[in-house]
Amino acid sequence: MNWLYYLLEANLYLCVFYAGYCLFLNKETHYTLNRIYLLLSCVVSFVLPVVQIGWLKPVETVTKTIVIIPQTAYQTTVQKLTVRQTLTFNDIWVYAYILGIIVLTTVLFIRLYQLVKLTKATKTLVDGKYKLINIEGSNTAFSFFNYLFIGTKTQANNIIIRHELVHIRQKHSVDIVFLELIKIINWFNPLVYLLQISLKTIHEYIADEQTAAQESDAFSYSVVFGKQCLWVKRLAPGAFIFQL
C-alpha cells in the first residue's frame with residue numbers, strides 16, 4: 001500500500017472516530033471510558049487501513065502485458081524521461097510533510113530538554129516515590145511522569161499537590177507523549193490538535209473528580225480551583241507541552 005494513501009486513510013478514520021466522540025461522548029461523565037475511547041481511536045485508525053476488513057479492502061486486479069521495445073526506441077524513451085524529470089505536486093507535498101515532521105520533532109526535543117533541566121533542581125519525595133520540585137518565584141503547577149513541579153507562589157499547595165498526584169497515578173503523561181507523537185505524524189490534520197485538547201480536558205475532569213472526592217468540603221475545593229484557572233494555563237518554561 002502506498003504510504004501516502006495509507007496516511008490519508010488513517011486520518012480519515014481518525015476524523016470519523018473523533019466526530020463520533022464529539023457527537024455522542026463529549027457530554028458524558030464517564031471520563032475514564034472517554035479517555036480509553038480517544039486513545040484507542042488513535043490506534044485503531046492506523047490499524048484499519050492495514051487490515052482493510054471486508055468491503056474496505058480494494059479489489060486487486062493483476063494484468064500481465066509483454067511489450068517488446070526495440071533497442072533504439074528504448075534509448076530514445078530513456079533520454080526523454082531523463083530530460084523531463086521535474087518537481088511534481090506529490091514531491092512538493094512529500095517535502096512539506098517531512099519538513100513539518102522535522103519542525104515538530106525539534107520543538108518536542110527542545111521542550112523535553114528544558115523539562116529535564118527543571119528536574120535537576122532540588123527535589124523531595126512525596127508518598128515515598130513521587131518527586132516534588134519547587135520552582136522559585138512561580139505560581140505554576142504541573143506534573144510529568146513521577147515529577148511534580150509546583151511554584152513557591154502557588155496558593156493551596158496541598159490541594160494542588162493532591163490534584164497533580166492523581167495525574168501521576170493515572171499515567172496521564174503517557175497519554176500526552178503518545179498524542180504528541182500522533183500529532184507529529186499527522187501535523188496537517190487540524191482535528192488531531194482538537195483531539196489532544198479533548199484528552200487533556202478529560203485528564204482534568206478525572207483529577208478534579210478524584211481530588212474532590214478526597215476533600216471534606218467539595219465546595220471549598222471548587223473555589224480553590226476556580227481561583228486557579230489561570231494557573232492551569234501558566235506553564236513553566238519548557239513544560240507547557242506537558243501541562244496537565
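Colleague: Let's settle a term before we begin: a residue is buried under 20% relative accessible area, exposed over 50%, and partly exposed in between. With that in hand, does C22 count as buried, partly exposed or exposed?

Modeller: Happy to start there, keeping in mind that this is a predicted model. The relative accessibility of C22 is 36%. That value falls between the cut-offs of 20% and 50%, so C22 counts as partly exposed.

Colleague: And C42, is that cysteine buried or exposed?

Modeller: The relative accessible area of C42 is 1%. The limit for the lowest class is under 20%, so C42 is buried.

Colleague: While we are on cysteines, how many disulfides does the structure hold?

Modeller: A disulfide is a covalent bond between the sulfur atoms of two cysteines. For a pair to be counted here, the sulfur atoms have to be within 2.5 Å. The number of disulfides in the structure is zero.

Colleague: Let's step back to the whole chain. What pattern do the helices and strands follow along the sequence?

Modeller: The chain has nine helices and four strands. Among contacts between residues at least 6 apart in sequence, 67% join residues at least 24 apart. Read along the sequence, the pattern is α-α-α-α-β-β-β-β-α-α-α-α-α.

Colleague: How much of the exposed area do carbon and sulfur atoms supply?

Modeller: For context, buried residues make up 36% of the 244 residues in the chain. The chain exposes about 15200 Å², and the share supplied by carbon and sulfur atoms is 65%.

Colleague: Now for the inside. Which element gives the most residues to the largest nonpolar core?

Modeller: In soluble globular proteins, nonpolar side chains tend to be buried together. Of the 20 residues in the largest nonpolar core here, L38, C42, L179, L195 and I202 touch the most other members. The elements that give two or more residues to this core are α1 (3–25), α2, α6 (172–185) and α7 (190–214). With six residues, the one that gives the most is α7.

Colleague: How many residues are in the other core, the one with V126 and Y130?

Modeller: That core lies apart from the largest one. L148 and I161 are also among its members, and its residues number ten.

Colleague: Back to L179. Which residues is L179 in contact with, leaving aside neighbours within four places in sequence?

Modeller: L179 is one of the residues that touch the most other members of the largest nonpolar core, as are C42 and L195. Both of those appear in the contact list of L179, which in full reads L39, C42, L195, Q196 and L199.

Colleague: I noticed an aspartate in α6. Is D175 buried or exposed?

Modeller: D175 lies in helix α6. Its contacts beyond four places in sequence are R35, L39, L199 and H203, and its C-alpha atom is 9.9 Å from that of L38, 137 residues apart along the chain. The relative accessibility of D175 is 4%, so this residue counts as buried.

Colleague: Which residue forms a salt bridge with D175?

Modeller: The structure holds two salt bridges. In the one with D175, the closest N and O atoms are 2.5 Å apart, inside the 4 Å cut-off. The partner lies in helix α2, 140 residues from D175, and both residues of the pair are buried. That partner is R35.

Colleague: For the salt bridge between K183 and E180, how far apart are the closest N and O atoms?

Modeller: K183 and E180 both lie in helix α6, three residues apart, which is about one turn of the helix. Both are buried. Their closest N and O atoms are separated by 3.3 Å.

Colleague: Turning to the surface, what is the area of the nonpolar patch that includes I36?

Modeller: I36 is found in helix α2 (residues 31–51). Its relative accessible area is 42%, so I36 is partly exposed and passes the 30% limit for patch members. I36 makes the patch together with L33, L40, V43, V44, V47, V50 and V51, and its area is about 670 Å².

Colleague: One last point on the backbone. What is the phi of K171?

Modeller: K171 is found in the loop between α5 (157–169) and α6, and is partly exposed at 48% relative accessibility. F145, in the loop between β3 (141–144) and β4 (147–151), has a positive phi near 50° without being a glycine. K171 is not a glycine either, and its phi is positive, at about 60°.

Notes
Residues numbered from 1 in each chain as written. Predicted model: local features only at pLDDT ≥ 70, side-chain atom pairs only at ≥ 80, totals over all residues. Heavy atoms only, no water. Patch = residues over 30% accessible without salt bridge, like charges linked within 9 Å, V, L, I, M, F, W, Y side chains within 5 Å. Areas by Shrake-Rupley, 256 points an atom, 1.4 Å probe, with all protein chains shown as cover. Salt bridge = Lys/Arg side-chain N within 4 Å of Asp/Glu carboxyl O. Buried < 20%, exposed > 50% of the residue type's maximum accessible area, 1.4 Å probe, protein only. Contact = heavy atoms within 4.5 Å. Core = buried A, V, L, I, M, F, W, Y, C linked by side-chain atoms within 4.5 Å.
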